[in-house]
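Good morning, colleagues. Please take a moment with the sequence and the structure on the screen, after which I shall go through the packing and the strand pairing.

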Amino acid sequence: DTKTAFDDQLSAVTKASMRYGDGEFNLALLTDGLKAERQQGITIDVAYRYFATEHRSFVFADTPGHAEYTRNMVTGASVSDVAIVLIDARNGLLQQTRRHLFIASLLGVSEIILAVNKMDLVDWDESAFDRTVKEAQEYVNALPAPVSLVAVPLSALHGDNVVERSRNAPWYDGPSLLELLDHIEVEVDAYSEVGTRLAVQWVITVPNESRQLAGRLTGGALARGDEVVVLPSGNRSKVAYINRLGTAVELAEPGDSIAVRLEHEIDVGRGDVIVPAGAIVPEPTTLVTADVCWMIDRPLTHGSRWFLKHLTKTVKATVAAVDYSMHIDTLENDDVDDLGLNDLGRVRIELSEPIVADGYHDHRDTGRFVLIDEATFETAAAGMIVS
């Protein structure tokens with residue numbers, strides 16, 4: 001309906017619908033591209049699609065609903081500003097719906113659109129819609145992090161209330177799904193209060209010149225002449241030069257990949273973090289408390305050892321404690337000795353070297369990490385730092 005699906009994509013969906021479906025044109029196959037997804041009729045991996053309107057450009061991450069693919073839900077939510085949670089109007093809230101709402105809240109997605117689909121199969125019954133929304137709102141109100149919830153009744157099969165408002169629901173006077181996406185408020189610079197962070201990814205050596213420190217800027221701007229502190233060492237200097245895309249600039253904005261030269265030759269390496277002097281900066285720490293999503297069959301246990309990758313730094317890590325596992329349905333915490341595949345829980349981790357971290361809900365980039373298996377280098381967990 002937004003005229004952003006290409007003809008060859010739609011042609012491929014038509015062929016796939018004939019092969020894997022009942023012959024009807026199945027738009028789900030536009031994002032469910034894996035053979036296993038099409039054979040089973042479910043979403044497994046995260047698929048990214050791109051579209052735009054007159055107001056905004058969008059990156060759409062289609063994530064699975066089934067519990068065994070929780071890690072893929074976490075992957076999609078970790079980079080999202082808004083979550084669209086899709087519900088079958090006939091069934092109301094299922095366990096996987098609660099899981100989606102919980103993970104969105106846990107990953108800092110505070111804007112959620114409840115898309116109550118298949119309203120045509122309940123004859124556009126207003127009471128069915130209201131029951132679903134009420135149940136979802138009660139669950140969201142009990143979540144630990146604040147979430148804004150807005151609901152829209154729709155029928156994706158016929159496009160009712162997807163792009164254009166539908167006449168089939170005269171009792172609904174709200175916007176369509178796309179209108180909601182176009183005008184929903186998102187924080188462009190959500191971490192400005194936390195302050196500027198430049199994690200050093202690479203040290204560039206230029207003959208006959210001072211070294212340049214390259215990395216991606218987050219949280220705030222950085223200008224030539226700013227006084228800065230290098231963490232964890234605490235050494236101070238001033239920004240003498242900023243290079244962006246091969247050009248000298250006076251000011252770098254959040255999201256810019258830059259290289260900076262400092263006035264003083266101080267010890268700076270990969271994994272260090274440059275922050276403005278005088279700002280409230282995090283204390284380098286060797287102990288973190290974090291919420292984790294466990295992604296592999298080998299359980300997370302007390303005393304187990306891993307690599308922890310945070311920003312551009314990788315350190316050895318030991319699990320000091322498994323505090324609890326999070327129960328999605330009841331929102332209660334269960335005392336456990338370990339976390340298994342797709343479990344969500346809170347742990348304490350001791351590190352061999354200090355890292356410079358913020359709380360995840362204060363700053364996504366500096367508040368997240370991954371745990372890596374020491375033997376296989378498999379990604380074992382996604383972590384969100386609490387303290």
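**Contacts and strand pairing**

Let me begin with Leu344: setting aside its neighbours within four places in sequence, this residue is in contact with Phe102, Ile103, Leu106, Val292, Cys293, Ser325, Met326 and Ile328. I should say at once that this is a predicted model.

Leu344 also belongs to the largest nonpolar core, which has 54 residues. Phe102, Leu107, Ile112, Ile113, Leu114 and Leu344 are the residues with the most contacts inside that core. A second core of 23 residues is separate, and it includes Leu308, Val319, Ile349 and Ala357. As background, nonpolar side chains in soluble globular proteins tend to be buried together.

Three of the partners just named for Leu344, namely Phe102, Ile103 and Leu106, are among the buried residues of helix α4. This helix comprises residues 95-106, twelve in number. From its first C-alpha to its last, α4 reaches 16 Å, close to the 16 Å expected at 1.5 Å a residue. How is α4 placed with respect to the rest of the structure? Ten of its twelve residues are buried, so the helix is largely enclosed by the rest of the structure. The buried residues include polar and charged names as well, among them Arg98, Arg99 and His100. Just after the helix, Gly108 takes a positive phi of about 85°.

I turn now to the strands. Leu344 opens strand β21, residues 344-355, which is joined to β18 by seven bridges, the two running antiparallel. Within this pairing, Ala317 has Leu351 of β21 as its bridge partner.

Which other strands pair with β18? One is β17, residues 305-310, which pairs with β18, residues 313-326, in the antiparallel sense over six bridges. Here Lys309 stands opposite Thr314. The hairpin of β17 and β18 has two residues between the strands, and Leu311 takes a positive phi near 50°. Another is β19, residues 333-334, paired with β18 in the antiparallel sense over two bridges. Met326, a contact of Leu344, has Asn333 in β19 as its bridge partner. This second hairpin has six residues between its strands, and Leu331 in the turn has a positive phi of about 60°.

Finally, I mention one further pair. Strands β1, residues 47-52, and β2, residues 57-62, run antiparallel and are joined by six bridges. Phe51 stands opposite Phe58 in β2, and a hairpin of four residues joins β1 to β2.

How values were computed. Residues numbered from 1 in each chain as written. Predicted model: local features only at pLDDT ≥ 70, side-chain atom pairs only at ≥ 80, totals over all residues. Heavy atoms only, no water. Expected span 1.5 Å × (residues − 1). Buried < 20%, exposed > 50% of the residue type's maximum accessible area, 1.4 Å probe, protein only. Pairing = 2+ DSSP bridges. Core = buried A, V, L, I, M, F, W, Y, C linked by side-chain atoms within 4.5 Å. Contact = heavy atoms within 4.5 Å.
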